[in-house]
Amino acid sequence: MDVNSGAIWYTFDMQVAIPTQEAMHQFGVLLGQAIHGGDVVELVGDVGAGKTTLTKSLAAGMGITDDVQSPTFTLSRIYESGDTRRLAHYDFYRLQDAGILSAELRESVEDPSVVTVVEWADIVQGALPRDRLTVTIRPTSEESRQLQIESGGPLSQRLLEEIER
């Protein structure tokens, strides 16, 4: 239960075993199909864990046909889906201070038509809503991964319930 913000809600989580890259792709597509505008997804994992791979599959599930690339050097990329949603993909790996990007990130998470995916979010925790889906990716072999997925509030809980089905 979270009581830090004055509001009380329960956090829920689930574990998902991903045996192959194809299974990771299928999971990402499923997540992208379930996601709505206004959702925030934080991806946690070491370099090479599969954060950008998951984002590419999530984008495919949203109907995005652009070549989704890691924003490690550009810091952020925006992709248009076939409907009214946009995907904002941020990567703060190379930054020690988010600076002006914190304001851009805040605008993104407050826009109900934007799905925001954030990698390496340590330095922008204050700009992220508590109600987000946090996906921690742990490699268990060269191809397999263990996902720990946690919801931080009612919106992300709804998303977690949709992908559990």
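**Close-up views of helix packing and the sheet**

**View 1. Helices H1 and H4 cross with a right-handed sense.** In this predicted model, the axes of H1 and H4 come within 9 Å of each other and cross at roughly 130 degrees. That angle makes H1 oblique to H4. On the H1 side, the contact is made by Phe27, Leu30, Leu31 and Ala34, and on the H4 side by Arg158, Leu159, Glu162 and Ile163. By class, six residues of the contact of H1 with H4 are nonpolar, none is polar and two are charged.

**View 2. Helices H1 and H2 meet in a right-handed crossing.** Helix H1 comprises residues 21-34 and helix H2 residues 51-61; their axes come within 6 Å and cross at roughly 50 degrees. H1 and H2 are therefore oblique to each other. From H1, the residues Met24, His25, Phe27, Gly28, Val29, Leu31, Gly32 and Gln33 take part, meeting Thr53, Leu54, Ser57, Leu58, Ala60 and Gly61 of H2. The contact of H1 with H2 has seven nonpolar and seven polar residues, and no charged ones. Phe27 and Leu31 of H1 appear in this contact and also in the contact with H4.

**View 3. Seven strands form an open sheet of mixed pairing.** Strands of a sheet pair through backbone hydrogen bonds, in either a parallel or an antiparallel manner. The order of the strands here is E1-E7-E6-E2-E5-E4-E3. Strand E1 (12-18) and strand E3 (76-80) stand at the edges, each with a single partner strand, so one side of each is left without a neighbour in the sheet. On average, neighbouring strands of this sheet are turned by 15 degrees against each other, direction ignored.

**View 4. Edge strand E3 is joined to strand E4 by five bridges.** Strand E4 covers residues 86-91, and the two strands run antiparallel. Within this pair, Arg77 stands opposite His89 in E4. In the strand order of the sheet, E4 is placed between E5 and E3.

**View 5. Helix H4 lies across three strands of the sheet, namely E1, E6 and E7.** Helix H4 is formed by residues 154-164, strand E6 by 133-139 and strand E7 by 145-151. The helix runs at about 35 degrees to E1. The strands E1, E7 and E6 follow one another in the sheet order, with E1 standing at an edge. Helix H4 thus appears in two views: across these strands and in contact with H1.

Notes
Residues are numbered from 1 along each chain as its sequence is written. This is a predicted model: local features need pLDDT of at least 70, side-chain atom pairs count only at pLDDT 80 or more; totals for chains, interfaces and linings use all residues. Side-chain values use heavy atoms; hydrogens and water are left out. Two strands pair if DSSP finds at least two bridges between them. Helices (H or I, at least four residues) and strands (E, at least two) are DSSP runs, numbered from the N terminus. Axes are lines fitted to C-alpha atoms, for helices over the stretch in contact, and angles run from 0 to 180 degrees between N-to-C directions. Contact means heavy atoms within 4.5 Å. Angles under 35 degrees count as roughly parallel, over 145 as roughly antiparallel, 65 to 115 as roughly perpendicular and the rest as oblique. A crossing is left-handed if the near helix is turned anticlockwise from the far one by less than a right angle, and right-handed if clockwise. Ala, Val, Leu, Ile, Met, Phe, Trp, Tyr, Cys and Pro count as nonpolar, Asp, Glu, Lys and Arg as charged, and the others, Gly among them, as polar.
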